[in-house]
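Grab your viewer and work through these exercises one at a time. Each comes with a solution, so try the task before you read on.

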Amino acid sequence: MYWFIYLIVCGCVLWSNGQEVILETDVAGSDTNVTLCPNTTVVFTCQIASAALVWIYNMDTTVYQTGDEGVIESKGGFLFNLTDDSENNLTSTATINITSDVTITCSATGGVDDPNNVELTILVLDPPNIVEDLEITEVCFDKVTLQWNSLGDVGMLYLDEYIIYVSPSPDDGNCIGGTCWFSNTSAVINGLQDGVLYEFSVSGVNCAGTGNSDTVMQSITAEVPPAPQTLSVSSQSIINGMVPVYVEWECPTLTCRHPPIDNYTVTITGVSTTLEVIDARFCNATFSLQQCSVYAFTVKATNREGTSPASIAQPISSGTLTLSTSVTDTNTDSATISIRVTECIRSAVVNITIYFSRLNANRDTVSL
């Protein structure tokens, strides 16, 4: 006569010839092994079509027979109970709080080598020692980017997340104090201060605890902005005796090592030197200058780290020499000419040349 043996572990059933034994547990797993977090309470249930039921565990045994229903026994960390002793059909439970790997067997005979025995092993998770090759891939004025490799099968390790310890503590919304949490094998740590040396340690975390860590150190260095480029200066028509001058420059290209620009300073050098502060949102400005002067313009950019070098100076003249003439009197052999020189005369006129000609004659000149 053939009987059937079942192994039921959360839906997995194995069949073989022999006496009918069913062993199941209330936790998830596969085949004959179940992996659990430490301190998980597990209930094993064994059903056997026999007058005797034997639990085998850690080189020890607990035996139940028909008539033992309700008998509870505590041995080897297990709490055993015979819950049903119907004739030739016994049911017993074994409850344990798992702290280390354990194998338990349900048997009708108690023989360790009985081919009809059903065995189930519980494996306890270890902390995930999986982090290696931690490196810093980018350093900015207020943050760094970390990257690392993960060893092993993250799924099999029941990895919850990676924990990053940062010292001293950053001002980062993903962190509490100096502890930050991330789910991927890279992380951006914000809220760092330039001039400070930081230590970063990365570990994997699961229900068993925190695994080994890999550590790097990095100083944060911020830089002043580069000098503005392509400065251009152009004058416009005189308004009320003043010359409007339009100044424009190329805003500096910043990297992540440059804090934002706070403002620009335009230096206007003429008879005297004037400094004009321009809002960082603009890379141009218009100034009203006195006539008859030559000016030179430069621009600097300022952030919290300091001020950039000056741009290449750009000169401009705010006016040109203007001469006007008119004839006020003429006769047969002479003419009276009025000459007026205006704008930008800051020294004596050296010479005025008058060009004239008679009709149908060559042009003559007179110097005054």
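Two strands pair if DSSP finds at least two bridges between them; the strands themselves are DSSP runs of E, at least two residues long, and they are numbered from the N terminus, as are helices (H or I, at least four residues). One thing to keep in mind is that this is a predicted model, where local features need pLDDT of at least 70 and side-chain atom pairs count only at pLDDT 80 or more, while totals for chains, interfaces and linings use all residues. Residues are numbered from 1 along each chain as its sequence is written, and side-chain values use heavy atoms, with hydrogens and water left out.

**Exercise 1. Work out which strands pair with S26, and which residues face each other.**

Step 1: locate the strand. S26 covers residues 294–303.

Step 2: go through its partners. With strand S23 (residues 261–269), S26 pairs antiparallel over 8 bridges, and there Val 266 sits opposite Val 299. With S28, S26 also runs antiparallel, joined by 4 bridges; here Val 294 is opposite Ser 317. With strand S27 (residues 306–307) there are 2 bridges, antiparallel again, and Asn 303 faces Gly 306.

Step 3: check the connection. A hairpin of 2 residues links S26 to S27.

Step 4: ask how enclosed the strand is. Buried means under 20% relative accessible area, exposed means over 50%, and partly exposed is in between (1.4 Å probe, protein chains only). Since 7 of the 10 residues of S26 are buried, the strand is largely enclosed by the rest of the structure.

**Exercise 2. Describe the surroundings of Thr 302 and Ser 317.**

Step 1: start with Thr 302, which lies in S26. Its relative accessible area is 16%, so Thr 302 is buried.

Step 2: list its contacts (heavy atoms within 4.5 Å). Leaving out neighbours within four places in sequence, Thr 302 touches Pro 225, Ile 261, Asp 262, Asn 263 and Thr 307.

Step 3: look for a polar contact, that is, a pair of N or O atoms within 3.5 Å; within protein, one must be able to donate a hydrogen and the other to accept it, and residues adjacent in sequence count only if both atoms are side-chain atoms. The side chains of Thr 302 and Thr 307 make one at 3.0 Å.

Step 4: move to Ser 317, in strand S28 (residues 314–317). At 37% relative accessibility, Ser 317 is partly exposed. Not counting residues up to four places away, Ser 317 is in contact with Ser 235, Ser 293 and Val 294.

**Exercise 3. Find the aromatic pairs and say what they link.**

Step 1: set the criterion. Rings of Phe, Tyr and Trp (its six-membered ring) pair if their centres lie within 6.5 Å; planes under 30 degrees apart are stacked, over 60 edge-to-face, and the rest tilted. The whole structure has 9 such pairs.

Step 2: take Phe 44 and Phe 78. Their centres are 6.4 Å apart with 55 degrees between the planes, making a tilted pair. Phe 44 is in strand S5 (residues 40–48) and Phe 78 in strand S9 (residues 78–86), so the pair ties together parts 34 residues apart in sequence. Phe 44 is buried at 0% relative accessibility, and Phe 78 is buried at 1%.

Step 3: compare Trp 148 and Tyr 162. With centres 5.3 Å apart and planes at 70 degrees, this pair is edge-to-face. Trp 148 and Tyr 162 are both buried.

Step 4: look for a cluster. Phe 44, Trp 55, Tyr 57, Phe 78 and Phe 80 make one.

**Exercise 4. Which residues have the most contacts inside the largest nonpolar core?**

Step 1: define it. A nonpolar core is a set of buried Ala, Val, Leu, Ile, Met, Phe, Trp, Tyr and Cys residues joined through side-chain atoms within 4.5 Å. In soluble globular proteins, nonpolar side chains tend to be buried together.

Step 2: read off the answer. The largest core has 28 residues, and those with the most contacts inside it are Leu 23, Phe 44, Trp 55, Phe 78, Phe 80, Ile 98 and Ile 104. Strands supplying at least two residues each include S5, S9 and strand S10 (89–98).

Step 3: check for another core. Apart from this one lies a core of 22 residues, among them Val 131, Leu 134, Tyr 162 and Val 216.
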